[in-house]
Amino acid sequence: MEILIARWTVARTDANLWQVVSYAGAATLVSAVLMFLLSRIPSNFRRPLVGIFIFVAGLIWILDWALPKAAVRRASGESNPITPLPFWPFEYNLVMDKVIQASQVLSGVLLGLGVLSILRVHVKKLTKRQQDWPFSLVLLVSMAAMIVIGLGEWVASNREAAGMPGNHELVKTAFSVVFNDMLQILDAAMFSLIAFFILSAAYRAFRIRSVEATIMMAVALIVLLGFIPLAMAVTAGLPVEGFASNFRIENMKTWILLNMSTPALRAIDLGLGLGLLAMALRIMLGLEKGVAVD
Amino acid sequence: MAERNYEITSLGLQYQKWGWLLVITTVAVVGYILWGIFLARRKAGSVTIRRIAGLDQIDEAVGRATETARPVLMVPGLSGALDGIAVQALTIFASIIRTAARFATPIRLLNYHPAVFAVAQEIAKDVYQTEGVPDRYDVDSVRFVSDRQFAFAAAVAGTIRRDQVAAAFYMGDFFAESLIMAENANMVGAIQVAATTQFTQTPFFIAACDYVLLGDEFYAASAYLGREPVLLGSLVGADWAKLTFMGFAVVALIVHSFQSIRPLTDEQKQYFKDMGTPVLEDQEYPTRNEFFFNWISKIPRG
């Protein structure tokens with residue numbers, strides 16, 4: 001099994017590019033055959049089959065959580081924890097690696113569907129000259145440029161790593177411009193908008209309209225002031241120890257955060273965890289109802 | 001057996017802190033949930049669920065969208081895969097799409113992950129078909145947008161602005177982009193209902209949206225909308241688990257209230273000084289309750 005796994009793990013270099021392509025082709029063919037067979041199964045058998053598949057898929061992750069993990073010492077000095085199986089010739093974490101890779105491949109295939117959706121929506125908008133069609137043009141051009149430059153950079157990096165000749169700098173610079181100097185900056189610009197949105201949302205939330213809103217505003221004000229040195233200076237005259245120290249603004253802020261905010265958030269988190277566990281159980285055991293799982 | 005070229009220095013890393021408590025607690029919670037489901041199935045109609053205001057607003061929000069002929073926006077969060085959270089979000093959206101299909105209200109279901117998009121597309125198509133109006137289904141109404149966080153946020157904000165959505169539903173995993181979406185929808189006057197599993201984003205949604213499903217209300221939504229005994233029973237089981245944890249919290253409260261306060265030893269003072277923590281000469285620190293921790297330490301470890 002270890003040998004089989006090792007054979008399937010192919011390093012991505014130009015030397016074995018055709019090997020990678022042939023494996024990918026074979027995997028696609030096998031998947032297509034499996035999907036075809038699944039579509040031919042009578043519908044009353046399809047649900048139990050999918051149910052079994054979901055149960056096994058869930059079980060793989062439960063075993064990863066439950067099987068005892070081990071700290072190891074290797075001659076090479078590596079010390080990554082492993083999950084040894086006493087009755088099997090390989091570790092369970094190798095199984096998990098393959099499962100994670102398989103889910104990544106599946107996501108990659110599904111990304112193709114997503115790209116098709118984008119193309120369908122925006123090409124239609126462009127060809128029919130619908131409202132705001134220039135935005136669609138910008139999107140399609142940007143997407144095409146990013147795909148071409150991203151793939152070019154990947155090939156150039158691999159060729160450079162393999163010591164192959166060629167001018168790799170041009171495409172790498174182009175990638176740096178579109179990714180680091182444009183996309184990342186635009187991301188940061190979107191992120192910075194949050195500061196303004198926080199202000200407008202806080203203004204609406206903290207308007208004194210009811211007793212609850214007043215309490216919330218007062219508490220929020222204490223926490224805000226507790227972080228500001230100038231506000232802390234106002235209560236700096238109070239003693240550091242003793243009963244009066246409780247009225248120092250930074251101590252009030254800490255008390256609110258530790259004794260009111262944190263327990264409330266933990267309670268919400270506990271409820272979320274239990275809800276997710278209940279839902280996972282229902283899905284794994286085929287008890288979940290609704291169009292999303294049917 | 002293949003030869004292993006390593007030496008195991010410690011086994012059961014994940015059990016070393018809490019011993020069998022972790023396993024026992026998990027098994028107990030799972031047992032509660034399964035028992036709740038079993039009881040609810042045996043006595044159908046015995047379990048009721050309290051009113052959840054956010055879910056009651058679905059019909060009103062879709063109704064307003066129908067009156068104004070503006071679309072209903074749905075965002076199933078930024079899950080990194082088709083996980084339980086995304087499935088739950090899509091289950092709630094199926095109910096919204098059903099109402100929209102009946103009234104021929106346009107929808108926009110914008111997706112972050114391609115797997116979620118693929119399933120969302122099938123669900124929307126299926127709902128329109130089961131409602132007997134397959135011709136009303138617009139294939140472009142369920143879209144994949146981007147799997148980059150802020151590109152997605154920009155696209156959702158743009159859709160909200162351009163389409164002037166009348167109602168917006170945010171269900172699932174949300175992060176920093178939550179406020180960008182919610183504030184934009186607020187600016188166009190949309191009714192907003194949100195539910196997120198990221199509790200750090202809950203305050204933002206509370207500040208910006210009309211209704212918010214808090215914590216596990218999100219997972220109770222499918223039970224609330226469908227009233228299936230199995231789903232209601234699992235809620236009851238989760239509530240028993242919550243009661244158990246509350247019991248633990250009360251015990252911990254009592255134990256910690258009786259913890260001994262004693263002066264630091266010279267060794268402890270030196271330790272804190274080495275760590276760079278200022279220590280007053282006559283300072284007293286609470287130390288752990290020996291009885292409780294001795295009891296915990298006797299639990300067999302993995």
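Angles under 35 degrees between two helix axes count as roughly parallel, those over 145 as roughly antiparallel, those from 65 to 115 as roughly perpendicular, and the rest as oblique. The exercises below concern a predicted model, and the first of them puts this definition to use.

**Exercise 1. Two helices of chain A**

Task: Work out which orientation class describes H3(A) and H9(A), and which residues they bring together.

Solution:
- Step 1. The axes of helix H3 (residues 43–66) of chain A and helix H9 (residues 249–284) of chain A come within 8 Å and cross at roughly 135°.
- Step 2. The range from 65 to 115 counts as roughly perpendicular and angles over 145 as roughly antiparallel, and H3(A) and H9(A) are therefore oblique to each other.
- Step 3. On the H3(A) side the meeting residues are Ile54(A), Phe55(A) and Gly58(A), and on the H9(A) side they are Ala280(A), Ile283(A) and Met284(A).
- Step 4. Sorted by character, the residues of this contact are five nonpolar, one polar and no charged.

**Exercise 2. The open sheet of chain B**

Task: Find the order of the six strands in the open sheet of chain B, and then follow strand E6 of chain B.

Solution:
- Step 1. The open sheet has the strand order E4-E3-E2-E5-E6-E7 (chain B), with parallel pairing.
- Step 2. Strand E4 (142–144) and strand E7 (211–213) of chain B stand at the edges with a single partner strand each, so one side of each is left without a neighbour in the sheet.
- Step 3. From one strand to the next, the twist averages 15°.
- Step 4. Strand E5 (residues 167–172) of chain B runs parallel to E6(B) and is joined to it by six bridges; Ala167(B) stands opposite Ile191(B), and Gly172(B) has Thr196(B) as its bridge partner.
- Step 5. In a regular strand the side chains alternate between the two faces of the sheet. In E6(B), Ile191(B), Val193(B) and Ala195(B) point one way, whereas Gln192(B), Ala194(B) and Thr196(B) point the other way, and all are buried.
- Step 6. Strand E6 (residues 191–196) of chain B is accordingly described as mostly covered, with six of its six residues buried.
- Step 7. H2(B) lies across E2, E5, E6 and E7 of chain B, and runs at about 145° to E6(B).

**Exercise 3. The nonpolar core**

Task: Which residues touch the most other members of the largest nonpolar core, and which helix gives this core its largest share?

Solution:
- Step 1. The core has 98 residues, and those that touch the most other members are Val72(B), Phe93(B), Ile96(B), Ala167(B), Phe169(B) and Ala182(B).
- Step 2. Helix H3 (residues 84–102) of chain B supplies the largest share of this core, 12 residues.
- Step 3. Once its neighbours within four places in sequence are left aside, Val72(B) is in contact with residues including Ile96(B), Ala100(B), Ile107(B) and Ala167(B).

**Exercise 4. Exposed residues in loops**

Task: Are Ala69(B) and Ala104(B) buried or exposed, and what is the sign of phi in each?

Solution:
- Step 1. Ala69(B) lies in the loop between helix H2 (53–68) and strand E2 (72–75) of chain B, while Ala104(B) is found in the loop between H3 and strand E3 (107–111) of chain B.
- Step 2. A residue counts as exposed if 12 or fewer other C-beta atoms lie within 10 Å of its own. Ala69(B) has 10 such atoms and is exposed, and Ala104(B), with 10 C-beta neighbours inside 10 Å, also counts as exposed.
- Step 3. Most residues other than glycine have a negative phi. Ala69(B), however, has a positive phi of about 55°, and phi of Ala104(B) is positive too, near 55°.

**Exercise 5. Where the chains meet**

Task: How many residues of each chain take part in the contact between chain B and chain A, and what is their character on the chain B side?

Solution:
- Step 1. In this contact, 65 residues of chain B meet 58 residues of chain A.
- Step 2. On the chain B side, helix H9 (residues 229–257) of chain B gives the largest share, eight residues.
- Step 3. The residues of that side divide into 40 nonpolar, 16 polar and nine charged.
- Step 4. Strand E1 (residues 70–74) of chain A pairs with strand E1 (residues 6–11) of chain B in the antiparallel sense over five bridges, and in this pairing Val72(A) has Ile8(B) as its bridge partner.

Key
Residues numbered from 1 in each chain as written. Chains lettered and ligands numbered in written order. Predicted model: local features only at pLDDT ≥ 70, side-chain atom pairs only at ≥ 80, totals over all residues. Core = buried A, V, L, I, M, F, W, Y, C linked by C-beta atoms within 7 Å. Buried ≥ 20, exposed ≤ 12 C-beta atoms within 10 Å, placed from the backbone. Helix = DSSP H or I, 4+ residues; strand = E, 2+ residues; numbered from the N terminus. Contact = placed C-beta atoms within 7 Å. Nonpolar A, V, L, I, M, F, W, Y, C, P; charged D, E, K, R; others polar. Pairing = 2+ DSSP bridges. Axes fitted to C-alpha atoms, helices over the stretch in contact; angles between N-to-C directions.
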